[in-house]
Structures are given as structure tokens and as C-alpha cells.
Amino acid sequence: MTPELDQTTYKQMLQHTIAWRIAELNLHVLSKTSGIVQAGPFRKMLLTNEVIWGTGDIAAKLLGTYEQELHGAIECAIGRMPDVVYNVGAAEGYYAIGFAQRLPDALVIAIDTNPAAQEIMSRAASANRVAIISQPVFDSEILACLSAREHGLIFMDTEGAEAELLNAETVTKLGNCDVIIECHEHVHQD
């Protein structure tokens with residue numbers, strides 16, 4: 001065997017072991033919490049073990065530490081009582097469902113291009129007894145809806161497509177809208 005092959009084999013084994021341990025930890029935390037989020041802005045939300053991206057960070061979501069740096073901005077946005085919430089890049093619906101629970105009078109629209117994500121989100125919304133609308137695209141109709149509303153919120157995590165979706169032209173059409181964006185500097189380094 002060449003040293004390169006040994007290094008490649010080692011990395012593959014390490015990645016497999018890490019993935020296995022993360023899955024084991026997620027299942028353990030899921031079992032200990034009965035799938036109920038314990039802390040954070042979406043405390044008491046019910047999570048399932050269905051994921052669309054990687055591990056889904058289920059343990060962090062259940063413990064209430066998932067993307068903890070956003071908790072203050074989320075609480076502030078909830079306090080402003082938006083009448084419509086768009087979760088762009090919704091994946092399994094963690095944020096969409098959380099906002100629907102915290103803002104029962106708001107229209108919550110979850111946007112994800114992946115049909116499997118939309119199905120998981122639908123089941124999760126049903127399990128949490130909240131209504132969300134799922135759609136595959138963020139488009140000009142959404143911008144028109146936002147500008148016609150009293151107050152809106154966009155929560156966006158699109159793994160790097162944020163700059164394309166919220167450019168100089170679209171931002172001017174947002175009306176009275178708060179925007180929380182998870183930025184991906186590794187995608188846009190210019």
C-alpha cells in the first residue's frame with residue numbers, strides 16, 4: 001500500500017466513525033427528550049428523526065443549542081409580531097414550525113426546493129399541530145405579498161444562494177419586513 005492510500009483509508013474510516021457516533025448521539029438525545037425541544041426559542045416543539053441535510057443537528061435542536069447565536073434575533077423578530085413569516089431554505093421545517101408555534105396568528109410559508117424536505121416538513125407540522133404552507137420557490141409573488149403586509153419576517157438559510165435571492169432589486173421590494181439571514185461566507189468570498 002502507498003502512504004496516500006493509507007491516508008485516504010484512514011480519513012474514510014474516521015469519517016464513518018464520526019458519522020456513526022453522531023447518529024448514535026442523536027438517537028440517545030432523541031430518546032432521553034422524547035423528541036421534545038428542551039430550551040431555546042422553540043422549546044416544547046416535537047422533533048422527529050427524519051432529516052434532509054447531514055445529521056439534521058437533532059441533538060443540538062433538542063437541547064436548545066442549535067444555532068444559538070440566532071436566538072436573540074429570533075426573539076426580537078417574534079416580539080415584533082409579524083403577520084407573515086417566510087422560511088426560505090426550510091429543510092425539515094424546524095424554523096417554520098417553531099415560528100408557527102410562537103406566532104399562531106401569522107401566516108407561515110416554508111420554502112424548500114427539495115420535495116423530500118417538503119414531505120418531512122408536512123409530517124412534522126402535523127405532529128406539532130401547526131399549519132404551514134409549503135412551496136418550492138422564493139419569487140416575485142412572495143415579494144409582492146410581503147410589500148402588501150403590515151409586517152413580515154424572512155428567515156433565510158439557503159446554503160449560499162442568499163445573495164442571489166436578496167439582491168439590490170429584491171431588497172427594495174420587501175416593505176416593512178425583518179430579515180434574518182444565515183450567511184455562508186465560504187460560498188461568497190468576494
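Which residues of the largest nonpolar core touch the most other members? In this predicted model, they are Phe42, Ile74, Tyr94, Tyr95, Phe99 and Ile132, out of the 34 residues in that core. The report starts with the chain as a whole and returns to the core afterwards.

**Overall layout**

The protein chain holds 8 helices and 5 strands. Their order along the sequence is α-α-α-β-α-β-α-β-α-β-α-α-β. The chain has 190 residues, and 41% of them count as buried. About 10,800 Å² of the protein chain is exposed, with carbon and sulfur atoms supplying 55% of that area. Of the contacts between residues at least 6 apart in sequence, 69% join residues at least 24 apart.

**Strands and crossovers**

Strand E2 covers residues 107-111, and 4 of its 5 residues are buried. Strand E1 (residues 84-88) runs parallel to E2, and 5 bridges join the two. In this pairing asparagine 87 has alanine 110 of E2 as its bridge partner. Between E1 and E2 the chain passes through helix H4 (residues 94-102), giving a right-handed β-α-β crossover.

E2 also pairs with strand E3 (residues 133-135), again in the parallel sense, over 3 bridges. Here isoleucine 111 stands opposite glutamine 135 in E3. The path from E2 to E3 goes through helix H5 (residues 115-127), and this β-α-β crossover is right-handed.

**The nonpolar cores**

In soluble globular proteins, nonpolar side chains tend to be buried together. The largest core here has 34 residues, with Phe42 and Tyr95 among those that touch the most other members. At least two residues of this core come from each of helix H1 (3-33), helix H2 (58-63), helix H3 (71-79), H4, E2, H5 and strand E4 (152-156). H4 gives the largest share, 6 residues.

Outside its own stretch of sequence, tyrosine 95 touches Phe42, Tyr66, Glu67, Leu70, Ile74, Asn87 and Phe155, where residues up to four places away are not counted. A second core, separate from this one, has 9 residues, including Tyr86, Ile109, Ile111 and Ile154.

**Two buried residues in loops**

Are histidine 151 and glutamate 92 buried or exposed? Histidine 151 counts as buried because its relative accessibility is 7%, under the 20% limit. Glutamate 92 is buried as well, since its relative accessible area is 11%, also under 20%.

| Residue | Loop between | Relative accessible area |
|---|---|---|
| Histidine 151 | helix H6 (140-148) and E4 | 7% |
| Glutamate 92 | E1 and H4 | 11% |

Which residue does the side chain of histidine 151 join in a polar contact? The partner is aspartate 178, and the polar contact between the two side chains is 3.1 Å. Apart from neighbours within four places in sequence, histidine 151 is in contact with Arg80, Met81, Pro82, Asp83, Val84, Asn176 and Asp178.

Glutamate 92 has its own set of contacts. Leaving out residues up to four places away in sequence, glutamate 92 touches Glu50, Val51, Ile52, Trp53, Lys61, Ile97, Ile120, Met121 and Ala124. Glutamate 50 is 42 residues from glutamate 92 along the chain, and their C-alpha atoms are separated by 7.5 Å.

Terms used: Residues numbered from 1 in each chain as written. Predicted model: local features only at pLDDT ≥ 70, side-chain atom pairs only at ≥ 80, totals over all residues. Heavy atoms only, no water. Helix = DSSP H or I, 4+ residues; strand = E, 2+ residues; numbered from the N terminus. Buried < 20%, exposed > 50% of the residue type's maximum accessible area, 1.4 Å probe, protein only. Contact = heavy atoms within 4.5 Å. Areas by Shrake-Rupley, 256 points an atom, 1.4 Å probe, with all protein chains shown as cover. Pairing = 2+ DSSP bridges. Right-handed = clockwise from strand over helix to strand, strands pointing away. Core = buried A, V, L, I, M, F, W, Y, C linked by side-chain atoms within 4.5 Å. Polar contact = N/O pair within 3.5 Å; in protein donor to acceptor, adjacent residues only side chain to side chain.
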